[in-house]
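Student: Hi! I have a structure open and would like to talk it through with you. Can we start with one of the helices?
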Amino acid sequence: MNPVEALKLEYSFDAGNFDVCVVGAGHAGCEAAHACAKLGLKTALFTLALDSLANLPCNPSIGGTSKGQLVREVDALGGIIGKMADKCAVQMRMLNRSKGPAVYSPRAQEDRAMYSIEMKHYLENLENLTLVQAHVTELLTDDEGRACGVMTAGKAVYSAKAVVICSGTYMESRTIRGEVITESGPDGLPRSVGLSGSLKACGIPILRFKTGTPVRVNSNSCDFTQMTRQDGEDDVPPFSFENEMNGQGVAPISEQIPCWSVWTTPETKKVISENMDRSPLYSGVIKGVGPRYCPSIEDKFMRFADKERHQIFVEPMGRHTNEMYLQGFSTSLPEEVQIRMVRSLPGLSNAVIQRPAYAIEYDLVDPLSLKATLESKIVPGLFTAGQINGSSGYEEAAGQGIVAGINAAMKVLGRKPVIIDRSQGYIGVLIDDLVTKGTNEPYRMMTSRAEYRLFLRQDNADERLTPVGREVGLIDDARYEKFLAKREAIAKETARLRSTYIGPTEALGEVLAEVDQTLPKSGESLADLIKRPGVTYDMLAPFDKERKELPKAITKACETDIKYEGYLALEKEKIERFASLEKIALPEDVDYKAIKGLRLEAAQKLSEIKPESVGRASRISGVSPADCEVLLVYLEQRRRSNAE
């Protein structure tokens, strides 16, 4: 249905013309709307409940392993999740410190209510953006099948040049707790009805997944003396590079709130085992596919039968509430069973459950129907981002949201689309995996998915992506000048460390001995000393007379680049080889079934997915290296034919 036809419906009315309509105000929608509005486009952001904008239903945290990298990348592009996470954090930690800088990952516990309030207030005051509480039920398309607006349940017709749908877990959703099934979104919020059917009518393939939310208990009913305390760390840099550049060396938290951890007991396992017949997950009530890497507690015991116990984290929901999440304790078992399960845990024998856990099923689009820009291959002008694309997690949603928002804006403005590839960021890995390989379960980002992870560190996300944000128009002059100054300072200090030599002294020998390193026989550069295992930039301060006081972000970048320069050089060679195939474009009009030498399976997969490059084609399941060689030969023959 197009806007003209929609306006002929009884009681329908013209609600206005916009450049971009963004449906859904979770983490994907907020980033998409922010990007479009900042780029000067008249943007409407729709949500079912304004008071739950940027909600954190699954757990009150931002970041974590690989997810912290995503947050910093979104910030480097000019997004907002990092700034909000810094502003609303109640605890900050850097994960994986023992594993090296390639996998260092910042993680923050957030004040959940404050996060939503701050995000809403920020977006309400953003020029070019209109927030609308409404239930969008239909995607509108023109006579050529292009997205051109949306219609709400109230028959309001909003015309637009592009549409971004970020419906999260709300499309045709239902929550499940034992025998109790409720047609609703997360936390009892309204669900989206009709939009999924509208997308299906346009020919977009629809899948169904399942995820869940853990139990929440009142802290007054917890005995923390039986739990292991987990305090925050006071040396973690902020998520936002802008905060970092403004002189905040560490995350701006006034007072950090502790988290706690416990382990399940034999009683926990017994209660679950005795009630598995009432588990919707195993009785067939739940039809959607759940996440493999974040399973419910009953699924953990069933799938990992050899494990006698599982760790549970007790996390605060904010400064002004007693609610605590039992992270790792998601379940769809009946409420009465949940009470027994919770009270079997150490320190929770008298726990009062304020919100029981539940599973939630929802509709989503098959990500194989998307381009790398996150535009639909079926409906031009329609972009999707977040859990509607098969991912899980706030950070994965935000990463897709900013890319979808940027590309919707680029389409409206008639500019070249932006594609972040696997060598540029975790965002690129995430999107490439989804649109090239698809997913049969909620996709979760992990460091192991990124083959260039030593290069894709959380500390250098600005070096990789801020120039992209600048070119797009999301990074202003002041921020870009600070970025250039930081980059120059790193280069200058690194060069100084390479050219500054110190001689062997007794004092230096004592310092090196602390990390099992021997004293050099002659003068050695500071850079060569830093390359040694265990030796740090700070450790050499007493022997470096020319050293100036520099921000931690700069000195840490120098140390990391020097210490791992050999590995980074090898990684850059791999990236160059990767980039060579990514640059070889595959025209949209290629008839793969007519290419001689291409295997039938490869031809079918390539025809279905229509990859933009040979590099992307090489990552499609069912396309072999030999098939890629055939493609290269075909493209060369086509080039010569066109040149004649």
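Student: What does helix H18 span from its first C-alpha to its last, and what would be expected at 1.5 Å a residue?
Tutor: This is a predicted model, and in it H18 covers residues 552-563, which is 12 residues. H18 reaches 16 Å from its first C-alpha to its last, close to the 16 Å expected.

Student: Which residues of H18 are buried?
Tutor: The buried residues are Ile 554, Thr 555, Ala 557, Cys 558, Glu 559, Thr 560, Ile 562 and Lys 563. Note that Glu 559 and Lys 563 are on that list.

Student: And what covers them?
Tutor: The cover includes helix H15 (477-499), helix H17 (526-531) and helix H19 (565-582).

Student: Let's follow H15 then. How many residues does H15 have, and how far does it reach?
Tutor: H15 has 23 residues and reaches 33 Å from its first C-alpha to its last, close to the 33 Å expected at 1.5 Å a residue. Its buried residues include Tyr 480, Phe 483, Ile 490 and Leu 497, and also Arg 479, Lys 486, Glu 493 and Arg 496.

Student: Why might buried positions in a helix come three or four places apart?
Tutor: An α-helix has 3.6 residues a turn, so residues three or four places apart point the same way. In H15, Tyr 480 and Phe 483 are both buried, and so are Ile 490 and Glu 493.

Student: New topic: Glu 31. Where is it, and is it buried or exposed?
Tutor: Glu 31 lies in helix H2 (residues 27-38). Glu 31 is buried because its relative accessible area is 1%, under the 20% cut-off.

Student: What does Glu 31 touch, leaving aside its neighbours within four places in sequence?
Tutor: Glu 31 is in contact with Val 74, Gly 79, Ile 80, Ile 81, Ala 398, Gly 401 and Ile 402. As for Val 337, which is 306 residues apart from Glu 31 along the chain, the two C-alpha atoms are separated by 39 Å.

Student: What about Ile 420, where does that sit?
Tutor: Ile 420 is in the loop between helix H12 (394-413) and helix H13 (426-437). Ile 420 has a relative accessible area of 8%, so it counts as buried. Not counting residues up to four places away, Ile 420 touches Leu 77, Val 403, Gly 425, Ile 427, Gly 428 and Leu 465.

Student: I'd like to check some backbone angles too. What is phi of Ser 66, and what is phi of Glu 172?
Tutor: Phi of Ser 66 is near 70°, and Glu 172 has a positive phi of about 50°. Neither Ser 66 nor Glu 172 is a glycine. Most residues other than glycine have a negative phi.

Student: Where are those two, and how buried or exposed are they?
Tutor: Ser 66 is in the loop between strand E3 (61-63) and helix H3 (67-77), and at 0% relative accessibility it counts as buried. Glu 172 is in the loop between strand E9 (156-165) and strand E10 (174-177), and at 21% relative accessibility it counts as partly exposed.

Student: Zooming out, how many helices and strands are there, and what is the radius of gyration?
Tutor: There are 22 helices and 21 strands. The radius of gyration is 26 Å, which agrees with the value near 26 Å for a compact globule of 644 residues.

Student: And how much of the protein is buried?
Tutor: Of the 644 residues, 59% count as buried.

Key. Residues numbered from 1 in each chain as written. Predicted model: local features only at pLDDT ≥ 70, side-chain atom pairs only at ≥ 80, totals over all residues. Heavy atoms only, no water. Helix = DSSP H or I, 4+ residues; strand = E, 2+ residues; numbered from the N terminus. Rg over C-alpha atoms; globule rule 2.2 N^0.38 Å. Buried < 20%, exposed > 50% of the residue type's maximum accessible area, 1.4 Å probe, protein only. Expected span 1.5 Å × (residues − 1). Contact = heavy atoms within 4.5 Å.
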